[in-house]
Number of protein chains: 2
Amino acid sequence: MGTLPTPAPPCDPRVARSRAKLLAAATEILIETGPSSVTVDAVAERSGVAKSTLYRHWESRSALLVDVLRTHRPEVSEPRLDLGFEAALRQQIDHLATQLSDPEWGRILPALFALTQQFPEVADLEECDREEKMASVRTILDLGVAEGRIAPGYDPTLMMTTLVGPIMMCALIRQSDRAHEVAHAALDAFFALHPPRG
Amino acid sequence: MGTLPTPAPPCDPRVARSRAKLLAAATEILIETGPSSVTVDAVAERSGVAKSTLYRHWESRSALLVDVLRTHRPEVSEPRLDLGFEAALRQQIDHLATQLSDPEWGRILPALFALTQQFPEVADLEECDREEKMASVRTILDLGVAEGRIAPGYDPTLMMTTLVGPIMMCALIRQSDRAHEVAHAALDAFFALHPPRG
DNA sequence: CATCAACGATACGATACAGTATCGTTCTAC
DNA sequence: GTAGAACGATACTGTATCGTATCGTTGATG
């Protein structure tokens, strides 16, 4: 539920360099052939960093894998409540589409959902990510209530799913390039159901 | 694209029995701890069927894994075009929600997307499944065109994603029990954007 | 420039897993 | 009831992988 801690940035440039190389290599492998191919030996070889160094930075393979997911997790932007309900929601969902249309994250996403069953830390990560998104959308929907366009007892999960689901599916079926179109369509439908002065 | 062949049903009841036991065990393990836990030894032990028997039915671990996915893949129902556009689409999407709200399939789904990168056969399976759904929805949307509610040059992928995405997300975030609500909300929004006599 | 931490290379042990092979047993089908 | 297929049990090989240990080298920092 809380915020997931990020380790303090290391002083020695060597550790930052090898850490970055290892994370990059692990990400590449994850994207190309899936989580089970992210082995310590494979990551070490591709990164050009020794295996012993890897174990100086992560205590296990799974810790590295989780870190790959956490590192690439997109940050949610602050809602632009000053724009008013409709524009703010459009802006926020469109921003989400931008993040999900990043081809890297789009190919990490399936692994995130699948690894949820295997590693509790990944489940926490997914839940945290989702709740962050939810919270930001909720503040916008509350503005919608104030503007009289959303019923006060609205169901945030329901609306969140309706708006974000299409974009997520877009990424999962490897059509990330159409994320913005899809987001636009979902928004149009949503606002058709919740018209001004409703 | 084409139809994926199903092997002819075996005559000997023994092979049907051991096949079923192995598939059931593999499914359980897949659901509980993910694809990488579906090992030959684990499946054999849990099913109570000998490993040698497993290899008499599948030529490799991955063949078994793919078969688990294929076996549980929901069938798409025939569109009820006689109901008219709106009722037919509602019926079809609601049916999809029923299938995706099956807790088993809901927990297999993430594995399906993740294994896409690793096994081409899984990618084919996913694509085939999606195109089946798409085809059935398209016939209904074509009816919508005839009824003057959908523009003739409509984008089937776009609309499909808008309608199915929310349900799929529902399954992925382990809220399968709310699939019907979500489907209903997505449909309401969709029809608000495409009102009668448009 | 001297110290010491980080690194590279590599070997190693332990284990898990895929897939093969063998052989005696059981059950189906005719 | 009998022939043959399916099955169970188990041992075995080879390999992949995780994680540890060692030690000489490099490079950052004071």
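Here are some notes on a predicted model of two protein chains, A and B, with a DNA strand, C.

1. **How the chains meet.** Start with the place where the two chains touch. Chain A puts 40 residues into the contact, and chain B puts in 40 residues as well. Together they bury about 3500 Å² between them, and carbon and sulfur atoms give 65% of that area. On the chain A side, the residues that lose the most area to chain B are Q117(A), T161(A) and M169(A), which together make up 19% of what that side buries.

2. **What holds polar company across the interface.** If you go looking for charged pairs, the count between chain A and chain B is four salt bridges. One to find on screen joins R174(B) to E126(A), with their closest N and O atoms 3.1 Å apart. Polar contacts are there too: 10 residue pairs across this interface, both partners being at pLDDT 80 or more.

3. **Which helices of chain A do the touching.** Five helices each supply at least two residues to the side of chain A that touches chain B: α1 (13-33), α6, α7, α8 (156-172) and α9 (179-193). The largest share comes from α8(A), with 11 residues. Sort the residues on this side by class and you get 20 nonpolar, 11 polar and nine charged.

4. **A closer look at Q117(A).** This residue sits in the loop between α6 (103-115) and α7 (120-146) of chain A. Is Q117(A) buried or exposed? Its relative accessibility is 16%, and the cut-off for buried is under 20%, so Q117(A) counts as buried. Leaving out residues up to four places away in sequence, Q117(A) touches L30(B), I31(B), E32(B), T33(B), G34(B) and R107(B). Two of those neighbours deserve a second look. The side chain of Q117(A) reaches the backbone oxygen of R107(B) at 3.1 Å, and that side chain also reaches the backbone oxygen of I31(B), at 3.4 Å.

5. **L81(A), another loop residue.** You'll find L81(A) in the loop between α4 (61-72) and α5 (85-100) of chain A. With a relative accessible area of 39%, L81(A) falls between the 20% and 50% cut-offs, so it is partly exposed. Setting aside neighbours within four places in sequence, L81(A) is in contact with A88(A), T139(A), I140(A) and L143(A). For a sense of scale, try E131(A): L81(A) is 50 residues from it in sequence, and their C-alpha atoms are 19 Å apart in space.

6. **The surface near the DNA.** Now swing the view round to DNA strand C. There are 23 residues around this strand, and those that come nearest are R14(A), S18(A), V40(B), K51(B) and R61(B). By class, this surface has seven nonpolar, eight polar and eight charged residues. Helices supplying at least two residues each are α1 and α3 (51-57) of chain A, plus α1 (13-33), α2 (40-47) and α3 (51-57) of chain B. The largest share, four residues, comes from α3(A).

7. **Backbone or bases?** Which parts of DNA strand C lie within 4 Å of the protein? Of the strand's atoms in that range, 59% belong to sugar or phosphate, while the rest belong to bases. Both kinds show up in individual atom pairs. On the phosphate side, the side chain of T53(A) has an N or O atom 2.9 Å from a phosphate oxygen, and R61(B) has a backbone N or O atom 3.0 Å from a phosphate oxygen. On the base side, an N or O atom in the side chain of R14(B) is 3.1 Å from a base oxygen.

Technical notes. Residues are numbered from 1 along each chain as its sequence is written. Chains are lettered from A and ligands numbered from 1 in the order in which they are written. This is a predicted model: local features need pLDDT of at least 70, side-chain atom pairs count only at pLDDT 80 or more; totals for chains, interfaces and linings use all residues. Side-chain values use heavy atoms; hydrogens and water are left out. Buried means under 20% relative accessible area, exposed over 50%, partly exposed in between (1.4 Å probe, protein chains only). A polar contact is a pair of N or O atoms within 3.5 Å; within protein, one must be able to donate a hydrogen and the other to accept it, and residues adjacent in sequence count only if both atoms are side-chain atoms. Contact means heavy atoms within 4.5 Å. Buried area is the accessible area (1.4 Å probe) that two parts lose on being put together, summed over both. A salt bridge is a side-chain nitrogen of Lys or Arg within 4 Å of a carboxyl oxygen of Asp or Glu. Ala, Val, Leu, Ile, Met, Phe, Trp, Tyr, Cys and Pro count as nonpolar, Asp, Glu, Lys and Arg as charged, and the others, Gly among them, as polar. A residue is near a molecule or strand if one of its heavy atoms lies within 4 Å of it.
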